[in-house]
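Visitor: I would like to learn how to read a ligand site and a domain interface. Where should we begin?

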Amino acid sequence: MPDLESSPAASPPRAWAEINLAHLRHNLEVVNSHQPGDVMAVLKAGAYGHGMEEIAGALEALPRDIAPIFFGVASAIEARRLAHAGMQTRIYLLGATCPFERREIVAYRWTPCISSMDEAADFNRIAQQMIPSDKLKVHLTVDTGMGRGGFLPNDLLQLQDKLEKLAYLDIEGIGSHLPCADEDEAFTRAQFEQFDTLIEELGAEKFRYIHLANSAGILGYQSRHTNLQRPGLMLYGISPLATNQNELKPVLSLKSKVSLVRTLPAGQGISYGRETVLAHDTQVATIGIGYGDGYPRSMPPKLASVLVNGKRCPLLGRVTMDQIMVDVSSLPDCSSGDEVELFGENILVSEIAQLAHTIPWAVLTAITPRVTRVYNP
Ligand SMILES: *Cc1c(COP(=O)(O)O)cnc(C)c1O
């Protein structure tokens with residue numbers, strides 16, 4: 001089979017994502033400007049659609065004083081991908097582990113967060129079998145309101161001695177997670193206080209790493225004890241809050257090209273369902289991207305727009321799998337091959353998410369493999 005991609009006749013992609021690695025570094029510096037201590041870069045879900053191995057490689061290549069000390073992933077498969085890519089940064093599993101993942105975690109010395117006595121005892125037993133002359137470094141996780149994992153604070157106070165006696169575990173850290181740091185300030189303040197108080201009761205000196213904040217927590221709150229931050233969204237240049245966006249630089253721009261430009265007459269229907277019918281003669285551009293690339297199908301015609309040659313042009317009709325249509329009447333010179341930004345530095349993914357009734361995390365992670373990722377230093 002000939003290598004079609006490197007053949008001289010290979011076409012460039014119709015839909016691609018430009019990923020600006022200088023902006024990634026800038027955003028990491030913003031994390032450091034808000035909070036002291038170390039950083040766990042959250043790389044789950046393909047680094048929020050940016051490409052896990054590439055983002056990890058770029059972060060690992062940063063100078064030591066700024067490079068993250070942990071990479072946060074969701075599963076053993078994601079951890080393995082980073083390990084196979086040759087990453088040296090410690091890997092942390094952000095959620096409760098499934099029993100069938102634990103042997104691999106121990107074998108590779110990845111760092112799990114532990115939610116229950118059962119999980120702790122199982123890791124202790126596996127570590128005794130697999131690495132008897134060593135200890136597995138683990139973090140405890142506390143449920144201070146998320147309801148997704150972790151010891152309840154009172155249970156942890158009761159179980160502390162028992163956990164510390166597990167001979168093959170080194171309880172190196174403790175963390176918790178914020179369910180509404182971008183939505184409920186009073187609850188989140190109380191949660192920080194509850195976490196800090198618990199740390200004081202357990203003994204802050206017992207833990208090398210203490211962590212609570214995601215992006216919204218980093219931007220909006222302070223703890224008395226945390227020394228490790230877990231940014232996801234803000235690392236990719238998007239603020240989860242109504243504030244702070246001006247400090248950050250979006251890393252990813254989703255782009256495509258105009259494939260066709262035509263003037264269509266009044267009365268012409270546009271796209272499936274013919275919900276949009278042209279009121280007057282309109283210059284319509286067809287663009288080579290659709291929901292099969294991750295541009296949300298729920299984008300509302302007329303309200304949503306894309307950037308063609310630097311100018312916002314309204315979406316016409318429903319988003320189809322591979323193509324969308326936009327009104328380029330304001331761009332008389334628009335022609336096939338012109339560049340289009342769907343979102344990125346000029347149209348924030350937050351705006352897209354709002355129009356599509358979803359969240360920026362979901363829009364970014366929905367960019368499909370068909371979209372070529374292009375990395376710029
Ligand atoms: C995903 C995740 C984060 C990152 O959240 P952002 O809001 O994207 O910053 C941090 N901590 C945990 C436990 C997570 O699951």
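**Ligand site and domain interface**

Guide: Begin with a single polar pair at the ligand: a polar side-chain atom of Trp361 lies 2.8 Å from an oxygen atom of the ligand. Keep in mind that this is a predicted model.

Visitor: How much of the ligand does the protein bury?

Guide: The reference is the ligand taken alone, which exposes 390 Å². The protein buries 91% of that area.

Visitor: Which other protein atoms lie 2.9 Å from the ligand?

Guide: Read each pair by whether the protein atom belongs to a side chain or to the backbone. Arg230 places a polar side-chain atom 2.9 Å from a ligand nitrogen atom. Gly232 has a polar backbone atom 2.9 Å from an oxygen atom of the ligand.

Visitor: How many residues surround the ligand, and which are the closest?

Guide: A residue is counted here if one of its heavy atoms lies within 4 Å of the ligand. There are 13 such residues, and the closest are Lys44, Tyr48, Ser215, Leu233 and Trp361.

Visitor: Into which domains is the protein divided?

Guide: Domain 1 covers 35-239 and domain 2 covers 252-376. Their centres, taken over C-alpha atoms, are 38 Å apart.

Visitor: What area do domain 1 and domain 2 bury between them?

Guide: Buried area is the accessible area that two parts lose on being put together, summed over both. For domain 1 and domain 2 this comes to about 930 Å², with 70% of it on carbon and sulfur atoms. On the domain 1 side, His50, Leu233 and Ile238 supply 48% of the area buried against domain 2, more than any other three residues. Leu233 is also among the residues closest to the ligand.

Visitor: How many residues are in contact across the interface, and of which class are those of domain 1?

Guide: Ten residues of domain 1 contact ten residues of domain 2. The domain 1 side has four nonpolar, four polar and two charged residues.

Visitor: How many salt bridges and polar contacts are found across that interface?

Guide: Zero salt bridges are found between domain 1 and domain 2. Two residue pairs are in polar contact across the interface, both at pLDDT 80 or more.

Key: Residues are numbered from 1 along each chain as its sequence is written. Side-chain values use heavy atoms; hydrogens and water are left out. Domain bounds come from an automatic or database domain assignment. Contact means heavy atoms within 4.5 Å. Buried area is the accessible area (1.4 Å probe) that two parts lose on being put together, summed over both. A salt bridge is a side-chain nitrogen of Lys or Arg within 4 Å of a carboxyl oxygen of Asp or Glu. A polar contact is a pair of N or O atoms within 3.5 Å; within protein, one must be able to donate a hydrogen and the other to accept it, and residues adjacent in sequence count only if both atoms are side-chain atoms. Ala, Val, Leu, Ile, Met, Phe, Trp, Tyr, Cys and Pro count as nonpolar, Asp, Glu, Lys and Arg as charged, and the others, Gly among them, as polar. Accessible areas come from the Shrake-Rupley method with a 1.4 Å probe; for residues, only the protein chains shown count as cover.
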